[in-house]
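Colleague: Please take a close look at one charged residue in this model and at what lies around it. A single connected account would suit me best.

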Amino acid sequence: MKCSVAVHCLIFIHEAGGTGKVTSTRLAQSTDVHPVVIRNILSALKKAGLITVARGTGGAELCRAPEEITLYQIYDALEPDGLTALIGIHPCGKSPCPVAQNIKAVLKGPYHKIENAIREAMESVTLADMLEDYHARTAEQAP
């Protein structure tokens, strides 16, 4: 869920471009997420080099063009375990069961293929693509 909140924030930041400070309070109101959670997300995005945040007074801005920010970069900034967090393996290594002793090795290859496919798909989607979709949807909703 953090990834969708982060995309929401990035689209908001882009759309607000120069119309006033984009603070965690404004983003919290827009996302309906607690400001502390927003600040943690902004911190991760800043650490990943996707945004800048004015120290003290706040005010987030993109520091790359939307075409240069991929959905995978956004996800990767927020999930320290990477794609492994999407499909994990239950802990059972201490069980004497032969299946339990081998399940990690059995799943390693298929999980690696799945992670690579997801990464490829996420790397093919940019913030610019999502902004284009956003603009098309808001244009359809305009009276």
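Modeller: Contact here means heavy atoms within 4.5 Å. The model is a predicted one. By that contact criterion, and leaving aside neighbours within four places in sequence, glutamate 79 is in contact with Lys2 and Ala85. Glutamate 79 sits in the loop between α4 (71-78) and α5 (98-123).

The residue is buried and yet has no salt bridge. For glutamate 79, the nearest side chain of opposite charge is lysine 2, 4.1 Å away. A salt bridge requires a side-chain nitrogen of Lys or Arg within 4 Å of a carboxyl oxygen of Asp or Glu, so a separation of 4.1 Å does not qualify.

Lys2 also takes part in a helix packing. Helix α1 (residues 2-16) and α4 pack with their axes 9 Å apart, at an angle of about 120°. α1 and α4 are therefore oblique to each other, and their crossing is right-handed. On the α1 side the contact is made by Lys2, Cys3, Ala6, Val7 and Leu10, and on the α4 side by Leu71, Ile74, Tyr75 and Leu78.

For comparison, the structure holds 1 salt bridge. Arginine 137 forms a salt bridge with aspartate 133, and the closest N and O atoms are 3.0 Å apart. Both residues belong to helix α6 (residues 127-141); because they are 4 residues apart there, about one helical turn separates arginine 137 from aspartate 133. Aspartate 133 has 37% relative accessibility and so counts as partly exposed, whereas glutamate 79 is buried.

Conventions: Residues are numbered from 1 along each chain as its sequence is written. This is a predicted model: local features need pLDDT of at least 70, side-chain atom pairs count only at pLDDT 80 or more; totals for chains, interfaces and linings use all residues. Side-chain values use heavy atoms; hydrogens and water are left out. Helices (H or I, at least four residues) and strands (E, at least two) are DSSP runs, numbered from the N terminus. Buried means under 20% relative accessible area, exposed over 50%, partly exposed in between (1.4 Å probe, protein chains only). Lys and Arg count as positive and Asp and Glu as negative; His and the chain ends are not counted. Axes are lines fitted to C-alpha atoms, for helices over the stretch in contact, and angles run from 0 to 180 degrees between N-to-C directions. Angles under 35 degrees count as roughly parallel, over 145 as roughly antiparallel, 65 to 115 as roughly perpendicular and the rest as oblique. A crossing is left-handed if the near helix is turned anticlockwise from the far one by less than a right angle, and right-handed if clockwise.
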